[in-house]
Amino acid sequence: MIKFIYSDHFHDKNKEIVTHQVYKISSSLFSLPAYIEIEFKKLDMVYGELLLNPRFKARIRIDERLSLQELVVPLLHELLHLNQMQEGRLKYARQGVYWDNKLYHVDLSNNAEIWKSHPWEIDVAEKLPKFLEKLLGSS
């Protein structure tokens, strides 16, 4: 089940339909939580993000300015992070981020190039093309 959250009066039924399709197909390819939240809002410097606040265990933010075609890749990217959490490989804690039970002290304000060098991002970057191909082949 997906709960949609909007920051403004923005509401796009077509984006909800595409998001549902991406989630449904993705959940047939890899494990995902049965309940997730998708928040559409204006984001700075990123197209999507998985909220690191423990109060929001499965909330993904997607930039509301993305077109239907543009939202697929960042959504799939963040769903893969949810999969990492579901499998216990990725965990967030006050002291940092755990990846395969190794603690990484990270600055969440790091620039994109530094952030991409973390092992959980490398893992997603390696998996994304394969799952994107399967996703687009299924739709």
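**View 1. Lysine 130 sits over the face of a phenylalanine ring in this predicted model.** The ring belongs to phenylalanine 131, and lysine 130 lies 4.7 Å from the ring centre. Phenylalanine 131 has a ring partner too, which gets a view of its own below.

**View 2. Phenylalanine 4 and phenylalanine 40 make a stacked pair.** Let's take the rings next: the structure holds 5 aromatic pairs. In this one, the ring centres are 6.2 Å apart and the planes sit at 5°, so the pair counts as stacked. The two residues come from distant parts of the chain: phenylalanine 4 is in strand β1 (residues 2–6) and phenylalanine 40 is in strand β2 (residues 36–41), 36 residues apart. Buried or exposed, what is phenylalanine 40? Its relative accessibility is 1%, so phenylalanine 40 counts as buried. Phenylalanine 4 is buried as well, with a relative accessible area of 15%. There's a further ring to look for here, since Phe4 and Phe40 form one aromatic cluster with Tyr6.

**View 3. Phenylalanine 30 meets phenylalanine 131 edge-to-face.** Back to the ring under lysine 130. The centres of the phenylalanine 30 and phenylalanine 131 rings are 4.9 Å apart, and their planes are at 70°, so this pair is edge-to-face. Which parts of the chain does the pair link? Phenylalanine 30 is in the loop between α1 (13–29) and β2, while phenylalanine 131 is in helix α4 (residues 119–138), 101 residues apart. Both of these phenylalanines are buried.

**View 4. Arginine 59 and glutamate 37 join β4 to β2 through a salt bridge.** On to the charged side chains: the whole structure has 9 salt bridges. Here the side chains of arginine 59 and glutamate 37 meet at 2.7 Å, N to O. Arginine 59 belongs to strand β4 (residues 59–63) and glutamate 37 to strand β2, so the bridge ties together parts that are 22 residues apart in sequence. Despite their charged ends, arginine 59 is buried, with a relative accessible area of 12%, and glutamate 37 is buried at 12% too.

**View 5. Arginine 61 forms salt bridges with glutamate 39 and glutamate 49.** The glutamate 39 bridge comes in at 2.9 Å, N to O. Glutamate 39 is in strand β2 and arginine 61 in strand β4, so this pair also ties together parts 22 residues apart in sequence. Both residues of that pair are buried. With glutamate 49, the closest N and O atoms of the bridge are 3.4 Å apart. That pair links arginine 61 in β4 to glutamate 49 in strand β3 (residues 48–50), 12 residues away along the chain. Glutamate 49 is partly exposed, with a relative accessible area of 25%. How many residues share the network? Salt bridges with shared partners join Glu37, Glu39, Glu49, Arg59 and Arg61 into one network.

**View 6. Three strands form an open sheet, with helix α4 lying across them.** The strand order is β5-β6-β7, and the pairing is antiparallel. Which strands are at the edges? They are β5 (90–93) and β7 (102–104), each pairing on one side only. Neighbouring strands here are turned by 25° against each other on average, direction ignored. Between β5 and strand β6 (residues 96–99) there are 4 bridges, and leucine 90 stands opposite tryptophan 99 in β6. Helix α4 lies across β5, β6 and β7, and runs at about 50° to β6.

Methods: Residues are numbered from 1 along each chain as its sequence is written. This is a predicted model: local features need pLDDT of at least 70, side-chain atom pairs count only at pLDDT 80 or more; totals for chains, interfaces and linings use all residues. Side-chain values use heavy atoms; hydrogens and water are left out. Rings of Phe, Tyr and Trp (its six-membered ring) pair if their centres lie within 6.5 Å; planes under 30 degrees apart count as stacked, over 60 as edge-to-face and the rest as tilted. Buried means under 20% relative accessible area, exposed over 50%, partly exposed in between (1.4 Å probe, protein chains only). A charge sits over a ring if NZ of Lys or CZ of Arg is within 6 Å of the ring centre and within 35 degrees of the ring normal. A salt bridge is a side-chain nitrogen of Lys or Arg within 4 Å of a carboxyl oxygen of Asp or Glu. Two strands pair if DSSP finds at least two bridges between them. Axes are lines fitted to C-alpha atoms, for helices over the stretch in contact, and angles run from 0 to 180 degrees between N-to-C directions. Contact means heavy atoms within 4.5 Å.
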